[in-house]
Amino acid sequence: MSEEPSRDDLKQRIEELEQAFAEAERMQRALRMSEEKYRSIAHRTPTATMLYQDDRWIFVNSAAEVITGYSSRDLLAMDFWDIVHPDYKEVIRDCGRKHKWGEQAATQYELKIIAKDGTAKWVDLVGASTMIGGRLAGVISVVDSTERKRAVEVLRESEERFRLLVENAPVGIFIQTRGQFAYLNKAAMRMFGSPSADQLLGQPILSRMHPDFHKIVLERTRLLNEDREEVSLLAQKYLKLDGTAFDVEVSAVPFVYGGEQGALAFFSDITERMKAEDKARALLAAVQFERDRVSAVVNSMQDEVWFADMERKFTLANPSARREFRLENAGGIDVEDFARSLKVYRPDGSPRPVEEAPTLRALRGELVKNQKEIIFTAAHGELRHREVSAAPVRDTAGNIIGSVSVVRDITEAKRIEEALRRHGAVQEGINEILNATLACDTEEELGRACLKIAERITQSQFGFIARISGEELEIIAVSDPGWQARRIIGSTPRYHLGLKLRGIPGRIVLEGKSLLTNDPGHHPDSIGVPDGHPPLETFLGVPLIREGQTIGMIGVGNRPGGYRNEEQEALEALVPAIVEAFLRKSAEEALLKAHEELEQRVQERTAELEAAYRSLQSETQERLHLEEQLRQSQKMEAIGTLAGGIAHDFNNVLAGIIGFSEMVEEDLPEDSPLRRYMKRILKASFRGRDLVKQILAFSRKSEHVREPVSLAPVVEETVQLLRASIPATIEIITDMRAVSDKVRASAIELQQIVMNLATNAAHAMREKGGTLSISLSDVDLEMDSPVIDPEVEPGQYVQLVVQDTGSGMTPDTMKRIFEPFFTTRRVGEGTGMGLAAVYGIVKSLNGAITVESEPGSGSIFRVFFPKISTCVESVTQRSDRALGGTERILFVDDEELLVELAQDVLEKLGYRVTALTDSIEALELFSSNPGSFDLVITDQTMPKMTGLRLAAKLLKIRNDTPIILCTGHSDSVSPDIAREAGVKIFMMKPLAKESMAKMIRSVLDGTAV
């Protein structure tokens, strides 16, 4: 039987129980406080957070209500699938199954949800598995990404305009077409470990994808390239060039690049975040049940989360916050000391007082919503824009027990916003500069206007524009206020810095590069500032460059907070417009000066010429008339190039036709009816030969033999030819009144002029008929005669007038009537060469041609030929029988047709002929036996070796070799050049058999001149 406890024992046990109860009560209070802290964090965060367990929702925070539009009670009573967009339900089910079976530890992707008001919203969803109360549970974080999606869309539509923004974007961007890299920005190359885009361009994108993701990448590429569907944000693994794998988040949209279907992809390196999430998941398993629900949310958030107690000490900071400030552990850090150690600015750039720190304000009971701040963080090494929300944490009694702060980094959004604003400001500035060019009267006014625009865009307090003048800089304009320019330079509107291109401005103009310094006083090139110059705290200078040459510079200074690359890029974007504005203004001033000088000269000229030049209008009309004639003459020269190009080949063809036709004619019996046809073929061929000569004469590539010719017989003969071809509805009237009609010309040229003018007149009357009048008369042109052509000398002329009663011409048609290839006829009715050829022949005869016409009143063409007084009897050539011989002839031509013809013709004349198509082969044959040939006939234009070079080599072998050089056309050789080279006769193709036989005989007989 046990002893009963003593009174002291009972007392001791009672005390132990009391202590145990007190400890339990303390632990319960601590547990409630902890739950209240984390519940407050969960409800204050802007990220929607939801927990589920056993297929039911067990928690949703306030942010979920904001994003969905539903209350917490509604959401907990709803099925999650009620707010998921139909297009994304299958994706979530698949991810849910993977979480359930542990196939994925965490997933982040993008989808659409349907809000309570029926609108569709884009959200980023992060899902992770955790243990709550020893059982599997899920935590989901949802962030509204609708605005981000809109920003991406705007970026894609403005790709070219914001190329620099894309190139320098902090996220990786690449474009793929046909499954290959077509473009990568700097961030993408940096992530892939590539110093140059050339190492990746044209490579398959699969080469940089981890093998585990090849299948899904191929499917997403097909959706982008073939179905033109956008693909949502997805976590993948990429490979650097050295094979190292790294985690990324990728989204892409269809895109057309270089005319090919492809995609624009955005990706971010999330390796560190993935590591942080892994670490967060490892910690979640070790915390207690009440902390699990909130801690899982906080540690998976991308935003910074800070918790402070009433002792103004930080007790909690999530991984994002610790990483941003490189803190191992935020617990115990004094809030006020930490705020004082940071460089924090208000949005206007002024320092933010410590007492305005959101955490301190929340500990005082204030509710802070979306306070904008600019802060320098160690993680980024630069100023970052942030949006801070803070709120006090209260216990169940309403007492403040701490504060929670949530910080979101909005730097990238700010950069995009700033880039858009800056781009718009630059474009507006360029438009203002162009308007100022028209509004300002002087360069100084224009310079001040440009400076105001530059100072506004760069937020500068003063500036100047200068040009290079010798070895110094000459100021064009300074801002006002600015350099107190009037006090420095007095009343002089332009002045020199006297820097002799030294100092910071000297370096800018000498190197032709922009310079930015936020400490100009200590810059290596600084030489101080002139007296009266305001203190120079910051400076930005950009050279003014025209066609690769620096012509001056623009400088601005004293921007609050200093200059950045963004201000330099904005000012550089303005410079081309500024340069163009000053060039226009200089041109305007020069034009004004020239106009004033011209006015003075016109007035002086008017006074000197009195009645003849009484008005500026008459002088202007004369000048315009002369300019029009000059332009017309230049147009007429254009046909020369074309004529020279076709003459050689056309003459070779005509030579074959004429030669073979003559051979056929000789072989035909005298009474054969075919002889008549052959004569017509020969006549047509000779006419074609003469036509080519006319074209060459017009183009000044060939000259006809000109001799005194009487115009009247030529006109009468041409009219006889015309009567057979002109319709009977057109009457032809001739009037030959000229007393003396002798001119120096070729009868063929004169016939060509009359034929083309008459044919043109007949065409104008082809529909209704009419009268064609052709007349010759004497005209004396004296010094005071009306100007016909500035090149026509005064003297006696024969005037040929061709007049019709046809449809006439408009002024525009008259201006172009003599242009080569210009015609008013339908396709197939004319080439536009007729009147152009007439113009060329008349000019070559030192004559002139004019035209008078009005629509519906017919046309009058007047041609003026200089008279000659020499009376020369025309010599009638008689046709002698072609002479032959027995000599040995070497014939060389690259045209097989002409080689065959020459051999047949010359052999029929009795000569022994060796005919070759290769000039090199001919040289080798001659070299082997120089004395075996009595005569060499060679073409000029041949491949491998021209006829002139062949002649030189033959004469070098045997200097007494008789040589005849033939050509259809050549700019490089003439009769004089041929004679100087030792050629006996320079012969133009094509030649009739008789002419060729006589020339050969004259060379062999030694009678050639």
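**Cores, aromatic pairs and a parallel sheet**

Leaving aside residues up to four places away in sequence, Leu-772 touches Ile-726, Ile-730, Glu-731, Ile-732, Ile-733, Ala-758, Ala-761, Met-765, Val-802 and Gln-803. The model described here is predicted. Leu-772 belongs to the largest nonpolar core, which has 42 residues. Together with Leu-750, Leu-757, Leu-800, Ile-849 and Phe-865, Leu-772 is among the residues that touch the most other members of this core. The element that gives the most to the core is helix α23 (residues 747-764), with 8 residues. A second core, separate from the one above, consists of 30 residues, including Ala-436, Leu-544, Leu-574 and Phe-582. In soluble globular proteins, nonpolar side chains tend to be buried together.

Aromatic rings were examined next. The structure contains 15 aromatic pairs. One of them is formed by Phe-192 and Tyr-238, which are stacked, with 5.7 Å from centre to centre and 15° between the planes. This pair links distant parts of the chain, as Phe-192 lies in helix α7 (residues 186-192) and Tyr-238 in strand β8 (residues 231-239), 46 residues apart. Phe-192 has a relative accessible area of 0% and is therefore buried. Tyr-238 also counts as buried, because its relative accessibility is 1%, where the cut-off for burial is under 20%. Both residues are part of a cluster in which ring pairs link Phe-174, Phe-181, Phe-192, Tyr-238, Phe-246 and Phe-267. A charged residue is found at one ring of this cluster: Lys-240 lies over the face of Phe-246, 4.6 Å from the ring centre.

Further along the chain, an open sheet is formed by 5 strands in the order β31-β30-β32-β33-β34, with parallel pairing. The edges are occupied by β31 (912-916) and β34 (985-988); each has a single partner strand, so one side of each is left without a neighbour in the sheet. On average, neighbouring strands are turned by 20° against each other, direction ignored. Within the sheet, strand β30 (residues 888-892) pairs with strand β32 (residues 935-939) in the parallel sense over 4 bridges. Phe-891 stands opposite Ile-937 of β32.

Helices also pack on this sheet. Helix α27 (residues 919-928) touches β30, β31 and β32, and its direction makes about 155° with that of β30. Helix α28 (residues 947-957) lies across β30, β32 and β33 (963-967) and runs at about 170° to β33.

Note on methods. Residues are numbered from 1 along each chain as its sequence is written. This is a predicted model: local features need pLDDT of at least 70, side-chain atom pairs count only at pLDDT 80 or more; totals for chains, interfaces and linings use all residues. Side-chain values use heavy atoms; hydrogens and water are left out. Rings of Phe, Tyr and Trp (its six-membered ring) pair if their centres lie within 6.5 Å; planes under 30 degrees apart count as stacked, over 60 as edge-to-face and the rest as tilted. Helices (H or I, at least four residues) and strands (E, at least two) are DSSP runs, numbered from the N terminus. Buried means under 20% relative accessible area, exposed over 50%, partly exposed in between (1.4 Å probe, protein chains only). A charge sits over a ring if NZ of Lys or CZ of Arg is within 6 Å of the ring centre and within 35 degrees of the ring normal. A nonpolar core is a set of buried Ala, Val, Leu, Ile, Met, Phe, Trp, Tyr and Cys residues joined through side-chain atoms within 4.5 Å. Contact means heavy atoms within 4.5 Å. Two strands pair if DSSP finds at least two bridges between them. Axes are lines fitted to C-alpha atoms, for helices over the stretch in contact, and angles run from 0 to 180 degrees between N-to-C directions.
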